[in-house]
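Here's a quick tour of a protein model, written for someone who'd rather look at it than wade through numbers. Have the viewer open while you read.

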Amino acid sequence: MSSEIVSSNPIVDAYEYLQIINNLDGTITRNPNRYPNTLATQDLDHPTLVLFKDIHINQSKNTWVRIFIPGNTPDTFSNKKLPLLVYYHAGGFIHCSAASTIFHNFCTKIVVDLHLVIASVEYRLAPEHRLPAAYNDAVEALHWIKTTHNKWLKDYADFSNCYIMGSSSGGNIAYHAGLRAAAEVDHFEPLMMIKGLILHQPFFGGTQRTGSELRLVNDPRLPQSVLDLMWDLSLPIGVDRDHEYCNPTVMGGSELLDQIKRLGWKVLVTGCDGDPLFDRQIELLKMLEAKGVQVVGHFSVGDYHMVHVTEPSKAEALHAVLKGFIFS
């Protein structure tokens, strides 16, 4: 890691890049057209590759889950249930939704290719709800899923074969939700058996620049000034980027990783060398290895941050990795 301290001089206007306006009351105004949504409206009597619907978790927080099942499941389903993937979307903690079309399509393709069930969680966004609000919502969703009477989940999901997955900031959420779930595993088992975590190009940081951050400081897809602003808007007020929410390697990592090791959970960390967060992901992998966690790393060459989401044609490579991890 480089010893250079984070610069306060942005190269890119992060507010303009993110299409947000900072308000005096601590909220932000977002461009409502930047990330189109897909509504959970479909003709369930019409043949389709994937069925999906939204179910409220906590109406006071406006949190909910979008459930995806293979479209042929109701007619051709045998007694064998499908692995359950609990998914947290990306967006730098400040943008997007489980209904965002890019993540809706991402989940749909995973269901088609891997033939499993996905519960994609809607969590509260920062800065209106700073961390750990998203972590709280993530774990509340796990508890809701564990005890739900929803017919789709009860009939088609194998609760003894559950994985927690997130992309980018959702990967950060999946990591911290996994730590919390491991700490209170007795509240989940035997109703819900978590087998592992899938951290898809997870979003982490720190107060010192890494080599990949310096090399890709003006990356067109994820400039460093944008990364810095997303952390400034997301972290608890008054803490820096070496807080555990941002930098999981501080003090050698969480003691709860010992519990993940004891439970035998697997962890998959993915990344690519065209991502400014690449070195952070490598550091996370090495820390998990040092802790004795069963961790698998998959890092590609020539790709960029969230390539599997923005270029569906490249998602097949990720799906092959997921298939080997989940079904091995």
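What follows covers the cores, one strand, one helix and the cysteines. Keep in mind that this is a predicted model.

Let's start inside. The largest nonpolar core is made of 74 residues. If you want to click on the ones with the most contacts inside it, go for L84, V86, Y88, V117, I145, L153 and L288. Helix α4 (residues 133–147) chips in eight residues, the most given to this core. There's also a second, separate core of 26 residues, with F106, V111, I118 and M306 among its members.

Now look at strand β6 (residues 117–122), where six of six residues are buried. In a regular strand the side chains alternate between the two faces of the sheet. Here both faces are covered: V117, A119 and V121 are buried on one side, and I118, S120 and E122 are buried on the other.

β6 has these strand neighbours:

| Strand paired with β6 | Bridges | Direction | A bridge pair |
|---|---|---|---|
| β4 (residues 63–70) | five bridges | antiparallel | V65 with V121 |
| β5 (residues 82–88) | five bridges | parallel | L85 with I118 |

To get from β5 to β6, the chain goes through helix α3 (residues 101–114), and this β-α-β crossover is right-handed.

Next up is helix α10 (residues 278–290). Its 13 residues reach 19 Å from the first C-alpha to the last, close to the 18 Å expected at 1.5 Å a residue. Its buried residues are F278, R280, Q281, L284, L285, M287 and L288. Among the elements covering them are α6 (169–183), β8 (194–200), β9 (266–274) and β10 (294–304). L288, which is also on the list of top-contact core residues, touches L257, V267, V269, V293 and V295, leaving aside residues up to four places away in sequence. Just after α10, G292 takes a positive phi of about 80°.

Finally, the cysteines. How many disulfides does a search of the whole structure find? It finds zero. A disulfide is a covalent bond between the sulfur atoms of two cysteines. C162 can't make one here because its sulfur is 14 Å from the closest cysteine sulfur, in C107, which is too far for a bond. C246 is in a similar spot: its closest cysteine sulfur, in C272, is 19 Å away, so that is too far as well. C162 counts as buried, at 0% relative accessibility, and C246 is buried with a relative accessible area of 0%.

Note on methods: Residues are numbered from 1 along each chain as its sequence is written. This is a predicted model: local features need pLDDT of at least 70, side-chain atom pairs count only at pLDDT 80 or more; totals for chains, interfaces and linings use all residues. Side-chain values use heavy atoms; hydrogens and water are left out. A nonpolar core is a set of buried Ala, Val, Leu, Ile, Met, Phe, Trp, Tyr and Cys residues joined through side-chain atoms within 4.5 Å. Buried means under 20% relative accessible area, exposed over 50%, partly exposed in between (1.4 Å probe, protein chains only). Helices (H or I, at least four residues) and strands (E, at least two) are DSSP runs, numbered from the N terminus. Contact means heavy atoms within 4.5 Å. The expected span of a helix is 1.5 Å times one less than its number of residues. A disulfide is a pair of cysteine sulfur atoms within 2.5 Å. Two strands pair if DSSP finds at least two bridges between them. A crossover is right-handed if, with the strands pointing away from the viewer, the path from the first strand over the helix to the second runs clockwise.
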